[in-house]
Amino acid sequence: MAGNWEKFISVFKMHDLRKKIFFVLGMLALFRLAAHIPVPGVDTGALRQFFAGNQFFGLLDIFSGGGLSNFSLVMLGVGPYITSSIVFQLLTMIIPRLEELSKEGESGRQKINQWTRYLTVPLAALQTYSTINLLNRGGRMIITDVSPLNIVTIVLTVTAGTLFLMWIGELISEKGIGNGVSLIIFAGIVARIPGDIRRTFTVFDSSQVVNLIVFLGIAILVITGIVFITEGQRNIPVAYAKRVRGMRMYGGTSTHLPLRVNQAGVIPIIFALSIMLFPGMVANFLVGSGVAWLSHFAQSIANLFQNQIFYGTLYFLMVILFTYFYTAVTFNPLQIAENIQKQGGFVPGIRPGRATAEYLHKVLNRITLAGAFFLGFVAVLPFIAQSLTKIQTLTIGGTGILIVVSVVLETIKQIRAQMQMRDYDTF
């Protein structure tokens, strides 16, 4: 315990590392400030009442850090930027030109990132307008001023807020203290916890003691499981043959290649949620269409996504799908096998080259299956936990816990890496 405390103190003794940490904290504080600045012409009381009675939008509000229920400048969070990133990752696998760009190194990635930012703008505008139509549907007048000028003002303001968060996320990522987008989502989730606890004990009575204990028990088990799965890995042994160059001998060592159970981290859940927003967003946009059959069809789609059983099942399957997809994007067994072979290494009992790639692919698919099903279970855990405990005020659920734990672990690793780099520089 004392050793961990000394490591924590030593982080703030390094001047440049301390500056980076305080910069990140300052950016997150700026995000939280923006999340409490509402746009004009909104009945905030009716808005909060709507979110309290709608579990799906309550879950979305978690990822915006309460910005959606406040109808704030940053009500969409970084959702449109994430959706744009998913679109370009999918297009990279389909369009040869984008695939070539992604392999051109830093210059190619910068071009794709620039196009990702451009696509974020129309996605944010479309999602804002769709949200306005949804909130005022069914006789609700949450947006009190629906004049064209006010609607355009809201759309432009919220779109600018999304770009502002995107900019903050990129600044944070440049500092090397965690991923900026993940930290923004993390800050939004953590900011809701005190309010959720306060609301729980405001309506708490003695009959809910057992339910609260069950909820806390589930939370502890989920946190333990998340840490276990996040840190779990399969070590593939790699041996290097001895090589003689001039008068020196190289190689003859053994090491291992770590394959993580959850190779994709928290990204599949964020991806799945962003993609699932899109059909409902478009449907709500088309509900007011003058074409009868199109309006009826859009209404059916919107109602379908309000069904919790359908939403939970689709959410579960999408998380599994995106876990495999993101793992395939970030881990290329053929490239890894080629790199091992070029360095004179081999997996004992497996032929170098394609046979090694097939072996890595087979092992990765097996361990990813466990990670994918675990992520899917965590994603739908809020629906399970609330149906068992009947506690509606604690809505952080498994998804929020997963993001919080994963971001904390990843940030700690990056801080440790920066500390080790500075230790090497002293020699």
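Trainee: Is L33 buried or exposed in this model, and where does L33 lie?

Mentor: The model is a predicted one, and in it L33 has a relative accessibility of 54%, so L33 counts as exposed, given that the cut-off for that word is over 50%. The place of L33 is in helix α2, which covers residues 15-34. You can also locate L33 by a partner further along the chain, since the C-alpha atoms of L33 and S72 are separated by 9.9 Å, with their positions 39 residues apart along the chain.

Trainee: How should I read the packing of α2 against another helix, and at what angle do α2 and α8 pack?

Mentor: Two packed helices are described by the angle between their axes and by the distance between those axes. For α2 and α8 the angle is about 165°, and the axes are 10 Å apart. Angles over 145 degrees count as roughly antiparallel, and α2 and α8 are therefore described in that way. The crossing in which α2 passes α8 is left-handed.

Trainee: Which residues of α2 and α8 meet?

Mentor: From α2 come F23, V24, M27, L28, L30 and F31, and they meet F164, L165, I168, L171 and I172 of α8. The residues of this contact divide into 11 nonpolar, no polar and no charged.

Trainee: What are the angle and the handedness where α7 packs with α8?

Mentor: Helix α7 (residues 106-135) and helix α8 (residues 148-174) pack at an angle of about 135°, and their axes are 9 Å apart. The two helices are therefore oblique to each other, and their crossing is right-handed. On the α7 side the contact is made by R117, T120, V121, A124, A125, T128, Y129 and I132, while α8 contributes I151, I154, V155, V158, T159, T162, L163, M166 and E170. Sorted by type, the residues of this contact give 11 nonpolar, 4 polar and 2 charged.

Trainee: How do α5 and α13 cross, and which residues make the contact?

Mentor: The axes of helix α5 (residues 79-94) and helix α13 (residues 308-330) come within 12 Å and cross at roughly 60°, and α5 passes α13 in a left-handed crossing. The contact is made by I86, Q89, L90 and M93 of α5 together with F322, F325, Y326 and V329 of α13. Of the residues in that contact, 7 are nonpolar, 1 is polar and none is charged.

Trainee: What can I learn from looking at the nonpolar cores, and how many residues has the largest one?

Mentor: In soluble globular proteins, nonpolar side chains tend to be buried together. Here the largest nonpolar core has 61 residues, and those with the most contacts inside it are I82, I185, I269 and Y315. Helix α16 (residues 397-425) gives the most to this core, with 8 residues. Another core lies apart from it and has 17 residues, among them L68, F71, M75 and V155.

Trainee: Why does A272 count as buried, and what does A272 touch?

Mentor: A residue counts as buried when its relative accessible area is under 20%, and A272 meets this because its value is 0%. A272 lies in helix α11, residues 267-286, and, not counting residues up to four places away in sequence, A272 touches Y315, M318, V319 and F322. The C-alpha atoms of A272 and T83 are separated by 9.4 Å, although the two are 189 residues apart along the chain.

Trainee: Which residues are in contact with T368 and with G232?

Mentor: T368 lies in helix α15, residues 354-389, and is buried, with a relative accessible area of 2%. Leaving aside neighbours within four places in sequence, T368 is in contact with V261, T323, Y324 and T327. G232 belongs to the loop between α10 (209-231) and β1 (233-240), and G232 counts as buried at 17% relative accessibility. With the same neighbours left aside, those within four places in sequence, G232 is in contact with R260 and V261. The C-alpha atoms of G232 and V261 are separated by 5.6 Å, and these residues are 29 apart along the chain.

Trainee: What do the totals for the protein chain come to?

Mentor: The secondary structure comes to 16 helices and 5 strands, and buried residues make up 45% of the 427 residues in the protein chain. Among the contacts with a separation of 6 or more, 74% are between residues 24 or more positions apart.

Terms used: Residues are numbered from 1 along each chain as its sequence is written. This is a predicted model: local features need pLDDT of at least 70, side-chain atom pairs count only at pLDDT 80 or more; totals for chains, interfaces and linings use all residues. Side-chain values use heavy atoms; hydrogens and water are left out. Axes are lines fitted to C-alpha atoms, for helices over the stretch in contact, and angles run from 0 to 180 degrees between N-to-C directions. Helices (H or I, at least four residues) and strands (E, at least two) are DSSP runs, numbered from the N terminus. Angles under 35 degrees count as roughly parallel, over 145 as roughly antiparallel, 65 to 115 as roughly perpendicular and the rest as oblique. A crossing is left-handed if the near helix is turned anticlockwise from the far one by less than a right angle, and right-handed if clockwise. Contact means heavy atoms within 4.5 Å. Ala, Val, Leu, Ile, Met, Phe, Trp, Tyr, Cys and Pro count as nonpolar, Asp, Glu, Lys and Arg as charged, and the others, Gly among them, as polar. A nonpolar core is a set of buried Ala, Val, Leu, Ile, Met, Phe, Trp, Tyr and Cys residues joined through side-chain atoms within 4.5 Å. Buried means under 20% relative accessible area, exposed over 50%, partly exposed in between (1.4 Å probe, protein chains only).
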